[in-house]
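Here are a few short exercises to help you find your way around a new structure. Try each task yourself, then follow the solution step by step.

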Amino acid sequence: MTRPRTVVIVGGGISGLATAFSLHEKASKAGLSIRCTILESDTSWGGKIVTHRIGEIVTEAGPDSFLSQKQAGLDLCMKLGLADQLINTNETGKKACVLYGGRLHDLPEGLLSFVPKQLGPFFRSGLLSWTGLARMGLEFAVPPGPSTGDESLAAFLCRRFGAQAYERVLEPLMAGIYAGNAEQMSLRATFPRFFELEQQHGSVVRGMMAAKKAASPVSTAQPRRTMFVSLKNGLGDLVTALTTRLTQQGVELRLGARVDALRVRSHELGRWIYDLILHDGSALSAEGLVLATPAYVSAELLRPLTPIAGGLLDMIPYASTATIAMAFPRTLTSAIEGFGFIVPRREQRHLIAATWTSLKWPHRAPTDQLLVRCYVGGVGREDILQLGDQMLTATVREELATVCGIRVEPSYTEVNRWWKAMPQYTLGHLDRLAQLDAAVSRYPGLVLAGAGYHGVGIPDCIRDGALAAERVVQDLIGGTSVARRSLASRAPG
Ligand SMILES: Cc1cc2nc3c(=O)[nH]c(=O)nc-3n(C[C@H](O)[C@H](O)[C@H](O)COP(=O)(O)OP(=O)(O)OC[C@H]3O[C@@H](n4cnc5c(N)ncnc54)[C@H](O)[C@@H]3O)c2cc1C
């Protein structure tokens, strides 16, 4: 072992915590001794992951689940001993709905990772007209788009599946994840797999079917996982397990430690020392530094070192959203079944989606109550966040009443506002990341990680943290033989 090298991680969301976890693993493997500190400005860990427990009610202010197909989330849970806490979505009544023409329609089954692979369920749902159905069914015959340049998610989906399928199903499903506007979103940055499938197979549907056929059979030794999984008592347990493990590993975890400025000084040839100035005026130095903060915060910190990086980071816009959790007496109307509903942008509602939380997940509310979570805001729809809590809740309740007849008073209400929370991967995002990488690569040991770059989902952030940790370790041991993975090449997994 060499002398301990100091690494500071700024930001204690899932990206920063996962970076620290991975740093320990990778440094041990490389025989590198690391002294790691995480600085978090807030008074609690986890960033956007916030679980509230109110009696028997469990609410998620931010994310409520993560994709099981992206292995990084499940893997981390396993390593932290959370395997027995992982839960699937409820097996019974697992349908979802989509609002169209003011009415709820069953979201057609047979969507393979968002892609419509069968026409029958669409036909039965009554969502698309005959011409809309026929156009969607012709996806396999649409020639692939150009292999270079960027295309908006909206243009791609309309081109391949037709305007109806896009507006009524695919837009709310896919743009909703980012609380974004599909016309501004980069296909290659948000859903790179679709671009690849189109290029490789000439058709997304054909590519998906081929991939499904080629996939190795699911091991019976592994528990079956639904598309989204969560933790029995909420995702906050992932944060608790991580901070507990990191403390055991000797990582210094500091809450209420906001970093206000960053300076750099030359140390030895080609090595740098990063000085962090905290809001209380104290300073901290590090040889390795991971900025796991939102891009706009990293922009301010990096600007004095590299104005180009600051400018590029400023070009990653963030959307504000809010979640409103409400518990109602469980008098279910026929509209309240399945997991909830999504709302296409063209419906011009405030709601992006509503989840029947206590039907989707077990153990989230007493059996005589229906726990509902409404999601509002997003690109171009942020005005509603200016309303006070009472007005905001009243507006959302009015839409719930119109759409699915819930008119009773909630016995519990909780409003969670998320200002500048959802990074938007707009057209040109990947090119900007390549330029950002070039600008930051002048500073070995300095790495950016987080939702702003390669995927907003929890597994994406965990994977990004692992790659950031690998890069720091390589920089600290001066590993020129190991290719430095660039920001631009760290494509979403
Ligand atoms: C409402 C909502 C619902 C979502 N739903 C899902 C979902 O169901 N599934 C899913 O996979 N993903 C979901 N996401 C996305 C996912 O939760 C986030 O992308 C992810 O948690 C972001 O993690 P992060 O660590 O990159 O950033 P953050 O969680 O934002 O962490 C960054 C941290 O940096 C800290 N910080 C900022 N400035 C400073 C400073 N100057 N000094 C020190 N610390 C600082 C912040 O306080 C914060 O804790 C959702 C997001 C939101 C907002």
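**Exercise 1.** Work out what percentage of the residues of the chain count as buried.

*Solution.* Begin with the cut-off: a residue is buried if 20 or more other C-beta atoms, placed from the backbone, lie within 10 Å of its own. Applied to the 493 residues of the chain, this gives 49% buried. Before going on, note that this is a predicted model, where local features need pLDDT of at least 70 and side-chain atom pairs count only at pLDDT 80 or more, while totals for chains, interfaces and linings use all residues. Residues are numbered from 1 along each chain as its sequence is written.

**Exercise 2.** Count the helices and strands, then judge how compact the chain is.

*Solution.* Helices (H or I, at least four residues) and strands (E, at least two) are DSSP runs, numbered from the N terminus. The chain has 17 helices and 22 strands. Its radius of gyration is 23 Å, close to the 23 Å of the globule rule for 493 residues, so the chain is as compact as a globular protein of that length. That radius is taken over C-alpha atoms, and the rule is 2.2 Å times the number of residues to the power 0.38.

**Exercise 3.** Find the domains and describe how domain 2 meets domain 3.

*Solution.* The bounds come from an automatic or database domain assignment. Domain 1 is made of 5-47 + 236-316 + 426-476, domain 2 covers 111-214 and domain 3 covers 318-423. Next, count residues in contact (C-beta atoms, placed from the backbone, within 7 Å): 11 residues of domain 2 touch 14 residues of domain 3. The centres of these two domains, over C-alpha atoms, are 27 Å apart.

**Exercise 4.** Which residues come nearest to the ligand, and which elements help to form the shell?

*Solution.* A residue is near the ligand if its C-beta atom, placed from the backbone, lies within 6 Å of it. Of the 36 residues around the ligand, Gly-11, Gly-13, Gly-47, Pro-63 and Ala-451 come nearest. The elements giving two or more residues to the shell are α1 (14-30), β17 (318-329), β21 (412-423) and α17 (458-476).

**Exercise 5.** Check the length of α1 and see what follows this helix.

*Solution.* Multiply 1.5 Å by one less than the number of residues. For the 17 residues of α1 the expected span is 24 Å, and the end C-alpha atoms are 24 Å apart, which agrees. Buried residues in α1 include Ile-14, Leu-17, Phe-21 and Ala-27. After α1 comes Gly-31, with a positive phi near 70°.

Definitions and conventions. Two residues are in contact if their C-beta atoms, placed from the backbone, lie within 7 Å. A residue is buried if 20 or more other C-beta atoms lie within 10 Å of its own, exposed if 12 or fewer, and partly exposed in between; C-beta atoms are placed from the backbone.
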